[in-house]
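These are my notes from one session with the model. I began with charges and then turned to strand pairing.

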Amino acid sequence: MSAQPGARERLAVALRERTPVWLQTRCGLEPRALAALTVVLVVAAALAGGYFWTGRPEPVRAPELIRAAVPAVPAATPAARTGPLPGAAPGPAATGGPKVIVDVGGKVRRPGVLTLPAGSRVVDALRAAGGVKPGADLTGLNRARVLFDGEQVLVGLPGAPVGAPGGASGAGAGSGAGGGGPGVPLSLNTATVEQLDTLPGVGPVLARHIVDHRTERGGFRSVGELREVNGIGERRFADLRPLVRP
């Protein structure tokens, strides 16, 4: 009694029956070789199918637009549209950085020693002092002049000594805005070209240089800065030093 054929033999026979005759005659392969070739082809076809499946184009969703939230700008109040009140003190934003300390007196609402940001002008000092009282005479007071540290600003005091300690510069002073009366030093920060021209050894050209230097540097903080003016040497400075003040 012959033994039943095994599973391997049955698979070989099945593959051989399903393989075209022309392929069997051309290749001349044995059943085992033919079965191995068939397995290789099936595995290669499976790998190729998986490769093309993973590389297929897929629909991509467009990214959503994200817009940054714009903070709402509060409506400007009437006070913000019209600016600070005349008597309002400088706000916190104006208090940072270098400072100058000035003494404001005379016909102002809140006289006293004030601390202002460096580069402030006389009009800023008047505003910080509460504003000028009604009827005060501002003739001769240069409200656009830059303040310097330790300065005194007097407003509307008739007969006030312009050469007072601390460098007072006020309206209605007896000797004019720049001083220069008998025995009174001339203020380098308030004197005009004509007043500077009266100093010994100072002509119109040098007086103009002093005023230009004052404008460029924001005023004289000491008499020693007069030596930085073009045309003033050591000898001329020695002659002018007792006759002028900041």
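Entry 1. I looked up Glu225 and found it buried, yet without a salt bridge. The nearest side chain of opposite charge belongs to Arg221, and I noted a distance of 5.1 Å. A salt bridge needs a side-chain nitrogen of Lys or Arg within 4 Å of a carboxyl oxygen, so Arg221 does not qualify at 5.1 Å. I should record here that the model is predicted.

Entry 2. Where does Glu225 sit? I placed Glu225 in the loop between helix 7 (204–217) and helix 8 (234–240). I then listed what Glu225 touches, leaving out residues up to four places away in sequence: His213, Gly219 and Phe220.

Entry 3. I followed the contact to His213, which is found in helix 7. Is His213 buried or exposed? I read a relative accessible area of 6% for His213, and because buried means under 20%, His213 counts as buried. With neighbours within four places in sequence set aside, His213 is in contact with Phe220, Glu225, Glu228 and Val229. Phe220 is thus listed for Glu225 and also for His213.

Entry 4. I checked rings next. The count of aromatic pairs came to zero. I did find a charge over a ring: Arg227 lies over the face of Phe237, at 4.9 Å from the ring centre.

Entry 5. I moved to the strands. Strand 1 (residues 99–106) pairs with strand 2 (residues 112–117) in the antiparallel sense, and I noted six bridges. The two strands form a hairpin, with five residues between them. For individual positions, I found Val104 bridged to Gly112 in strand 2, and Asp103 opposite Val113 in strand 2.

Entry 6. Which way do strand 1 and strand 3 run relative to one another, parallel or antiparallel? I found strand 1 and strand 3 (residues 152–155) parallel, joined by four bridges. One pair I wrote down is Gly106 with its bridge partner Val155 in strand 3. Strand 1 therefore pairs with strand 2 in the antiparallel sense and with strand 3 in the parallel sense.

Key
Residues numbered from 1 in each chain as written. Predicted model: local features only at pLDDT ≥ 70, side-chain atom pairs only at ≥ 80, totals over all residues. Heavy atoms only, no water. Buried < 20%, exposed > 50% of the residue type's maximum accessible area, 1.4 Å probe, protein only. Lys, Arg positive; Asp, Glu negative; His and termini not counted. Contact = heavy atoms within 4.5 Å. Phe/Tyr/Trp six-rings, centres within 6.5 Å; stacked < 30°, edge-to-face > 60°. Lys NZ or Arg CZ within 6 Å of the ring centre and 35° of its normal.
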